[in-house]
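Student: I have a model open and would like to work through some of its contacts and accessibilities with you, one question at a time.
Tutor: Gladly; please put the structure up and begin with whichever residue you like.

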Amino acid sequence: MAAASVLAVAGCDTAGGNSAGPEATEAKAEPSAKPAPAWDSTPASLAAVGDSITRGFDACKVLSDCPEVSWATGSDTSVDSLAVRLLGAAGAAERSWNYAVTGARMADLPSQMARAAARAPELVTVMIGANDACRATAADMTPVADFRADFEDALAALRDTLPKAQVFVASVPDLKRLWSEGRTNPLGKQVWKLGICPSMLADPDVLTKAAAERRDAVQDRVEAYNDVLEKVCEKDRHCRYDGDAVFDYHFGETQLSQWDWFHPSKDGQARLAEIAYRIISRKGA
């Protein structure tokens with residue numbers, strides 16, 4: 001990625017030494033050109049970090065990764081992944097890498113980012129945080145301060161090697177909305193019992209005050225995480241947050257896995273790719 005620069009063009013209009021004028025004309029600098037945008041909408045390589053969503057978990061078969069349908073780096077034509085949209089199919093195969101790990105939390109991001117940096121990508125995509133909220137109980141969720149510190153450490157790990165690599169940060173999905181959608185499906189609820197996001201999805205049909213407070217606590221934590229992602233990203237000139245686009249997206253029946261009604265299906269992965277491409281390809285700072 002070309003470095004942003006400021007091109008100052010200076011000129012001067014001086015009167016000759018034998019000028020009859022009473023005063024010499026002072027040299028005047030022409031206005032400086034505006035800084036080139038910090039964001040390159042056409043990066044030539046891409047590395048993805050994150051969790052099960054970026055691994056395509058449960059999109060192809062039950063309780064299994066399916067990275068070929070990943071929104072970020074997948075090769076499946078029905079998804080039309082971000083890498084394919086930016087680099088073309090051949091370019092995506094050669095210059096995109098997926099370092100996401102199913103089950104990863106924000107504490108795992110610095111090590112993922114360091115591995116990604118070794119590839120020297122021009123763009124790094126980040127989608128992580130759901131597992132920090134999806135704990136055994138609401139009390140086990142990652143504290144917001146720890147979440148922030150680990151995210152800052154992850155960006156620092158990248159900047160140590162690649163000070164100008166671009167970073168796209170996706171918001172954490174709306175877990176409460178996923179509960180609301182999935183609780184209508186008997187099969188999905190059976191899979192939830194295997195341990196998928198118990199802090200939100202445990203006892204999905206229980207509507208007591210205590211259950212509602214538990215789900216609200218998880219939702220509040222997700223919103224706090226997204227606030228951290230936005231604020232930390234704002235401090236980095238080469239970072240672009242999605243503006244809560246993933247959180248706000250309404251994943252319906254066709255966008256959710258037919259096995260767990262929680263993770264994105266192939267269609268859901270395609271919607272994530274669309275969101276990311278729209279934001280990343282937007283020109284300007």
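Student: Is Asp 216 buried, partly exposed or exposed?
Tutor: In this predicted model, the relative accessible area of Asp 216 comes to 32%. Because buried requires a value under 20% and exposed a value over 50%, Asp 216 is classed as partly exposed.

Student: Which residue forms a salt bridge with Asp 216, and how far apart are the closest N and O atoms?
Tutor: The partner of Asp 216 is Lys 176, which belongs to helix H5 (residues 175-182), whereas Asp 216 belongs to helix H8, and the two positions lie 40 residues apart in the sense that they are 40 residues apart. Lys 176 is partly exposed, with a relative accessibility of 28%. In the salt bridge between Lys 176 and Asp 216, the closest N and O atoms are 2.5 Å apart.

Student: Where are the two residues of the salt bridge between Arg 159 and Asp 236 placed, and how many residues apart are they?
Tutor: The closest N and O atoms of Arg 159 and Asp 236 are 2.8 Å apart. Arg 159 sits in helix H4 (residues 144-161), while Asp 236 sits in the loop between helix H8 (209-234) and strand S5 (239-241), and this pair, which links distant parts of the chain, is 77 residues apart.

Student: Are Arg 159 and Asp 236 buried or exposed?
Tutor: The cut-off to apply is a relative accessible area under 20%. Arg 159 meets that description and Asp 236 does so too, so both are buried.

Student: For the salt bridge between Arg 55 and Asp 65, which residue counts as buried?
Tutor: The closest N and O atoms of Arg 55 and Asp 65 are 3.6 Å apart, and both residues lie in the loop between strand S1 (46-50) and helix H1 (82-95). Asp 65 has a relative accessible area of 34% and is partly exposed. With a relative accessibility of 17%, the residue that counts as buried is Arg 55.

Student: How many salt bridges does the structure hold?
Tutor: Besides the pairs discussed above, Arg 183, Lys 189 and Asp 205 are joined in a network of salt bridges. For the structure, the number of salt bridges is 11.

Student: What does H4 reach from its first C-alpha to its last?
Tutor: H4 is made of 18 residues, for which 26 Å would be expected at 1.5 Å a residue. The distance in the model is close to that expectation, at 27 Å.

Student: Which elements do the buried residues of H4 pack against?
Tutor: The buried residues of H4 include Phe 147, Phe 151, Ala 154, Leu 155 and Leu 158. The elements they pack against are helix H2 (109-117), strand S3 (123-127), helix H3 (130-133), strand S4 (166-169) and H8.

Student: Which residues does Val 144 touch, leaving aside those up to four places away in sequence?
Tutor: Val 144 is placed in helix H4 and counts as partly exposed at 23% relative accessibility. The C-alpha atoms of Val 144 and Asp 227 are separated by 9.8 Å, although these residues are 83 residues apart along the chain. The residues that Val 144 touches are Arg 221, Ala 224, Tyr 225 and Val 228.

Student: What is the volume of the largest pocket?
Tutor: The lining of the largest pocket consists of 26 residues, with Ser 52, Asn 131, Ile 196, Phe 262 and His 263 nearest its centre. That lining divides into 17 nonpolar, 6 polar and 3 charged residues. The volume of the largest pocket is about 360 Å³.

Methods:
Residues are numbered from 1 along each chain as its sequence is written. This is a predicted model: local features need pLDDT of at least 70, side-chain atom pairs count only at pLDDT 80 or more; totals for chains, interfaces and linings use all residues. Side-chain values use heavy atoms; hydrogens and water are left out. A salt bridge is a side-chain nitrogen of Lys or Arg within 4 Å of a carboxyl oxygen of Asp or Glu. Helices (H or I, at least four residues) and strands (E, at least two) are DSSP runs, numbered from the N terminus. Buried means under 20% relative accessible area, exposed over 50%, partly exposed in between (1.4 Å probe, protein chains only). The expected span of a helix is 1.5 Å times one less than its number of residues. Contact means heavy atoms within 4.5 Å. On a 1 Å grid over the protein atoms alone, a cavity is a set of points where a 1.4 Å probe fits but cannot get out, and a pocket is an open set with protein on both sides within 12 Å along at least five of seven lines; lining residues have an atom within 4 Å of a point. Grid points are joined across faces, edges and corners, and a volume is the space filled by probe spheres set on the points. Ala, Val, Leu, Ile, Met, Phe, Trp, Tyr, Cys and Pro count as nonpolar, Asp, Glu, Lys and Arg as charged, and the others, Gly among them, as polar.
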